[in-house]
Amino acid sequence: MTSVLALFAREWRIARRIGGGASVGAVFFLILVAIMPFAIGPDLALLAKLGPAILWIAALLATLLGLDRLFQADHDDGSLDVMINGPLPLELVTLIKCAAHWTTSALPLIVVSPVFGLMLGMAPEPLTLVAATLFAGTPALTMIGAIGAALTVSLRRGGLLMAVLVLPLTIPVLIFGVAAASAASGGAAPFLMPFLMLCAFSLFAVAAAPFAAAAALRYVRE
């Protein structure tokens with residue numbers, strides 16, 4: 001347990017450096033939300049209607065920010081070989097690294113998402129449920145991104161390739177995330193079903209993605 005906590009603390013500090021920390025992610029999120037009225041127009045009713053989709057797309061892109069370098073620093077300095085041959089299973093190491101990245105990138109965005117929802121003209125009452133959909137769905141985005149990061153770890157500029165690999169896999173999460181957020185914002189569709197699907201996606205990703213990412217890392221190192 002001590003080694004797990006020590007590894008999490010190490011990865012949390014590294015994630016803050018390579019991902020730019022919570023402040024850069026929040027600023028990136030803010031910029032994406034702020035430019036939408038210039039592209040869509042100043043119609044508050046339209047912005048409020050599209051607000052859940054805008055928040056989710058911004059959260060998706062902000063969550064993937066820096067994820068291409070999740071294993072890159074360990075690969076460059078040789079730490080990845082130590083992790084592969086170390087006492088902790090590589091699957092557990094991968095899960096800890098993803099947890100550290102999620103707490104430094106996605107969690108701050110979830111906290112500030114109600115403020116950005118108000119900027120889009122959304123009603124203040126359902127914004128807590130919108131934040132809940134992000135809380136339920138962003139772990140799946142992080143875990144899916146970890147697989148792409150593992151597959152491109154040996155490439156110097158694998159960020160674009162990682163995005164090409166990862167973004168199609170995030171479409172189901174995005175669909176149900178937007179559906180749940182839209183329902184929470186007063187849509188006609190029910191909220192519970194897409195929200196439970198988000199939870200199921202995240203649970204499945206947390207259970208399966210560490211094994212896929214660990215297998216990819218071992219394959220790359222051979």
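This report describes the fold, core, selected residues and cysteines of a predicted model.

**Basis of the values**

The model is predicted, so local features are given only where pLDDT is at least 70 and side-chain atom pairs only at pLDDT 80 or more, whereas totals for chains, interfaces and linings use all residues. Residues are numbered from 1 along each chain as its sequence is written, and side-chain values rest on heavy atoms, with hydrogens and water left out.

**Overall fold**

The protein contains 10 helices and zero strands; helices (H or I, at least four residues) and strands (E, at least two) are DSSP runs numbered from the N terminus. Read along the sequence, the pattern is α-α-α-α-α-α-α-α-α-α. The radius of gyration is 18 Å, close to the 17 Å that the globule rule gives for 222 residues, so the protein is as compact as a globular protein of that length. That radius is taken over C-alpha atoms, and the globule rule is 2.2 Å times the number of residues to the power 0.38. Along its principal axes, the C-alpha trace spans about 55 × 30 × 30 Å.

Of the 222 residues, 45% are buried. Buried denotes a relative accessible area under 20%, exposed over 50%, and partly exposed in between, with a 1.4 Å probe and protein chains only. Among contacts with a separation of 6 or more, 81% join residues 24 or more positions apart; a contact means heavy atoms within 4.5 Å.

**Nonpolar core**

The largest nonpolar core has 57 residues, and those with the most contacts inside it are Leu55 and Trp56. Such a core is a set of buried Ala, Val, Leu, Ile, Met, Phe, Trp, Tyr and Cys residues joined through side-chain atoms within 4.5 Å. The helices that each supply at least two residues of this core include H2 (21-40), H3 (44-63), H6 and H10 (192-221). Helix H7 gives the most to this core, with 12 residues.

Leaving aside neighbours within four places in sequence, Trp56 is in contact with residues including Thr133, Leu134, Leu141, Val173, Ala181 and Leu198.

Ala140 belongs to helix H7 and is buried, with a relative accessible area of 1%. Not counting residues up to four places away in sequence, Ala140 touches Val173, Phe201, Ser202 and Ala205. The C-alpha atoms of Ala140 and Leu198 are 8.2 Å apart, although 58 residues separate the two in sequence.

**Selected residues by helix and accessibility**

| Residue | Helix | Relative accessible area | State |
|---|---|---|---|
| Thr104 | H6 | 5% | buried |
| Ser105 | H6 | 11% | buried |
| Ala207 | H10 | 47% | partly exposed |
| Leu44 | H3 | 54% | exposed |

Two of these residues, Thr104 and Ser105, lie in helix H6. The side chain of Thr104 reaches the backbone oxygen of Ala100 at 3.1 Å, and that of Ser105 reaches the backbone oxygen of His101 at 2.6 Å. A polar contact is a pair of N or O atoms within 3.5 Å; within protein, one must be able to donate a hydrogen and the other to accept it, and residues adjacent in sequence count only if both atoms are side-chain atoms.

The other two residues can be placed by C-alpha distances. Ala207 and Glu91 are 116 residues apart along the chain, and their C-alpha atoms are separated by 9.8 Å. Leu44 and Phe28 are 16 residues apart in sequence and 22 Å apart in space, C-alpha to C-alpha.

**Annotated transmembrane regions**

An unreviewed UniProt entry lists "transmembrane region" at residues 21-40, 46-67, 106-123, 129-153, 160-183 and 195-220. These positions are given in the numbering used here, feature names are shortened, and annotations may be inferred rather than shown by experiment. In the model, residues 46-67 are 82% helix and 0% strand, with the end C-alpha atoms 32 Å apart. Residues 106-123 are 78% helix and 0% strand, and there the end C-alpha atoms lie 23 Å apart.

**Cysteines**

A search of the whole structure finds zero disulfides, a disulfide being a pair of cysteine sulfur atoms within 2.5 Å. The sulfur of Cys98 is 18 Å from the closest cysteine sulfur, in Cys199, which is too far for a bond. Cys98 is buried at 1% relative accessibility, whereas Cys199 is partly exposed, with a relative accessible area of 24%.
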